[in-house]
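Student: Before I look at the coordinates, could you walk me through how to read a fold, starting with charge and then moving to the strands?

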Amino acid sequence: TSQLETVGIDTATAAQAADARDWLKPTEQLPDIILQHVELPVKDGIQPLREIRKSARYSHIPVIMITSRTGVKHRTLAEEAGCNGYMGKPFNFRMLIGQINELTGQRLELG
């Protein structure tokens, strides 16, 4: 069980950006939000974010980048690619829930 599931969020995890695309394509119900790492095994997370923003089907979905790359260079690349939020690791779970609430209009509460 992920920490997100403890506050009532259904989650799906993809090891690579290609896995996430393959999972999203046939899915009827799109996710409310995408949490994405900057460092991915095959590509960095910036290119998949650009692909999300170019897609008519996915471009409206908020994306929060979560990364140990907290420098200006990576933050600027992510912002230019269209991320809605950027959190350094380790991140504060309460702050993450706050960003999810703000970006999705949900009212998730920590117990």
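Tutor: Let us begin with charge, keeping in mind that this is a predicted model. One counts the charged side chains of each sign and then compares the centres of the two sets; here the chain has 13 positive and 13 negative side chains, with the two centres lying 6 Å apart.

Student: Which order do the helices and strands follow from the N terminus on?

Tutor: The chain holds four helices and three strands, and its elements run α-β-α-β-α-β-α from the N terminus on.

Student: How do the strands pair, and in which sense do E1 and E2 run?

Tutor: For pairing, one looks at the bridges between strands and at their sense. Strand E1 (residues 34-37) pairs with E2 in the parallel sense over four bridges, and four bridges likewise join E2 to strand E3 (residues 85-88), again running parallel. Met-65 serves as a guide to both pairings, as the bridge partner of Gln-36 and as the residue opposite Tyr-86 in E3.

Student: How many residues of strand E2 are buried?

Tutor: Buried here means under 20% relative accessible area. In E2 (residues 63-67), five of the five residues are buried; Val-63, Met-65 and Thr-67 point one way, whereas Ile-64 and Ile-66 point the other way. For the chain, 35% of the 111 residues count as buried.

Student: What does the radius of gyration say about the overall shape?

Tutor: One sets the value against that of a compact globule: with 111 residues, such a globule would have a radius of gyration near 13 Å, so the 14 Å of the chain agrees.

Conventions: Residues are numbered from 1 along each chain as its sequence is written. This is a predicted model: local features need pLDDT of at least 70, side-chain atom pairs count only at pLDDT 80 or more; totals for chains, interfaces and linings use all residues. Side-chain values use heavy atoms; hydrogens and water are left out. Helices (H or I, at least four residues) and strands (E, at least two) are DSSP runs, numbered from the N terminus. The radius of gyration is taken over C-alpha atoms; the globule rule is 2.2 Å times the number of residues to the power 0.38. Buried means under 20% relative accessible area, exposed over 50%, partly exposed in between (1.4 Å probe, protein chains only). Lys and Arg count as positive and Asp and Glu as negative; His and the chain ends are not counted. The place of a charge is taken as NZ of Lys, CZ of Arg, CG of Asp or CD of Glu. Two strands pair if DSSP finds at least two bridges between them.
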